[in-house]
Amino acid sequence: MALLKFMKQRDESELLRLAAAWCSSGERCIAEVRKKLAAAGASPEVAERITARLLEEKFVDEARFCRSFVKDKFRFNGWGRIRIRHELQQKGIAACVIAEALDELDEEAYRSALSGMLIAKKRTTKGHSEYDVFLKLYRFARGRGFEGAFVSSCLKPLFDEHYDVDEEV
């Protein structure tokens with residue numbers, strides 16, 4: 001309660017300036033901007049006006065944010081399409097915008113990244129049998145958000161036997 005007493009009340013123009021500066025420092029989506037404005041003490045009406053202005057002046061662009069998010073999460077976090085899609089849905093991004101951004105991922109780079117990840121992980125994965133190692137690698141890649149059939153196709157060259165995996169695994 002004591003903190004609230006000392007909190008500075010900000011007017012709309014100052015909130016707009018702060019939000020614009022924050023949006024300039026990196027790509028943001030509308031949901032993040034609204035959350036930040038609410039945390040700064042903006043009323044829903046003020047937050048809506050500021051968000052509209054930021055959209056109008058191109059400080060916030062959902063498609064641009066989505067493309068940036070997809071590239072960064074794939075490149076730096078090693079996430080697959082499923083995980084990226086889920087995270088963007090959690091941020092309230094429209095499905096068509098997400099699909100468009102995911103379509104921009106280079107298929108060869110996507111396959112190469114997963115294959116490299118699986119090769120590296122196989123070196124450190126222990127199991128009772130080759131099939132056990134196969135399943136561990138499969139679960140690992142699925143946990144990263146890669147599609148089941150795609151994971152299986154990338155795993156097959158790494159093993160002498162060709163294993164099939166139920167989608168339940």
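Q: Is Glu12 buried, partly exposed or exposed?
A: This is a predicted model, so the answer comes from the computed surface of that model. Glu12 sits in helix α2. Buried would need under 20% relative accessible area and exposed over 50%. Glu12 comes out at 31%, so the label is partly exposed.

Q: Which residues does Glu12 touch, not counting those up to four places away in sequence?
A: Start from helix α2, where Glu12 has its place. With residues up to four places away set aside, the contacts of Glu12 are Val46, Arg49 and Ile50.

Q: How far apart in space are Glu12 and Ser43, C-alpha to C-alpha?
A: In sequence, 31 residues separate Glu12 and Ser43. In space, the C-alpha to C-alpha distance for Glu12 and Ser43 is 9.7 Å.

Q: What is the N to O distance in the salt bridge of Glu12 and Arg49?
A: Side chains of opposite charge can pair when their charged atoms come close. Glu12 belongs to helix α2 (residues 12-24) and Arg49 to helix α4 (residues 44-56), so-called distant parts of the chain, 37 residues apart. Arg49 is partly exposed at 45% relative accessibility. The salt bridge between the two side chains has an N to O distance of 2.8 Å.

Q: How many residues apart in sequence are the parts tied together by Lys91 and Glu32?
A: The side chains of Lys91 and Glu32 meet in a salt bridge, 3.0 Å from N to O. Lys91 lies in the loop between α6 (81-90) and α7 (95-103), while Glu32 is in helix α3 (residues 30-39), so the pair ties together parts whose separation in sequence is 59 residues.

Q: What is the relative accessible area of Glu57, the salt-bridge partner of Arg53?
A: Arg53 and Glu57 join their side chains in a salt bridge at 2.5 Å, N to O. Arg53 counts as partly exposed at 39% relative accessibility. Glu57 is partly exposed too, and its relative accessible area is 38%.

Q: How many salt bridges does a search of the whole structure find?
A: One pair is Glu12 with Arg49, and another is Lys91 with Glu32. There is also a network of salt bridges linking Arg81, Glu107 and Glu147. Searching the whole structure gives a total of 7.

Q: Which element gives the most residues to the largest nonpolar core?
A: That core has 33 residues, and those with the most contacts inside it include Ile84, Leu114 and Phe159. Elements giving two or more residues to the core are α5 (62-77), α6, α7, α8 (107-124), α9 (130-143) and α10 (148-155). With 6 residues, the top contributor is α9.

Q: How many residues are in the second, separate core?
A: Among the members of this second core are Leu15, Leu37, Ala42 and Ala47. It is separate from the largest one, and its residue count is 14.

Q: Why are the buried residues of α6 on the same side, and what arc do they cover?
A: The buried residues of α6 are Arg81, Ile84 and Leu88. Their positions around the axis put them on the same side of α6, because they cover an arc of only 65°.

Q: Which elements are included in what covers the buried residues of α6?
A: The residues to be covered are Arg81, Ile84 and Leu88. What covers them includes α5, α7 and α8.

Q: Which residue just after α6 takes a positive phi?
A: Look just past the end of α6. There, with a positive phi of about 80°, is Gly92.

Definitions and conventions: Residues numbered from 1 in each chain as written. Predicted model: local features only at pLDDT ≥ 70, side-chain atom pairs only at ≥ 80, totals over all residues. Heavy atoms only, no water. Salt bridge = Lys/Arg side-chain N within 4 Å of Asp/Glu carboxyl O. Helix = DSSP H or I, 4+ residues; strand = E, 2+ residues; numbered from the N terminus. Buried < 20%, exposed > 50% of the residue type's maximum accessible area, 1.4 Å probe, protein only. Core = buried A, V, L, I, M, F, W, Y, C linked by side-chain atoms within 4.5 Å. Contact = heavy atoms within 4.5 Å. Arc of directions from axis to C-beta.
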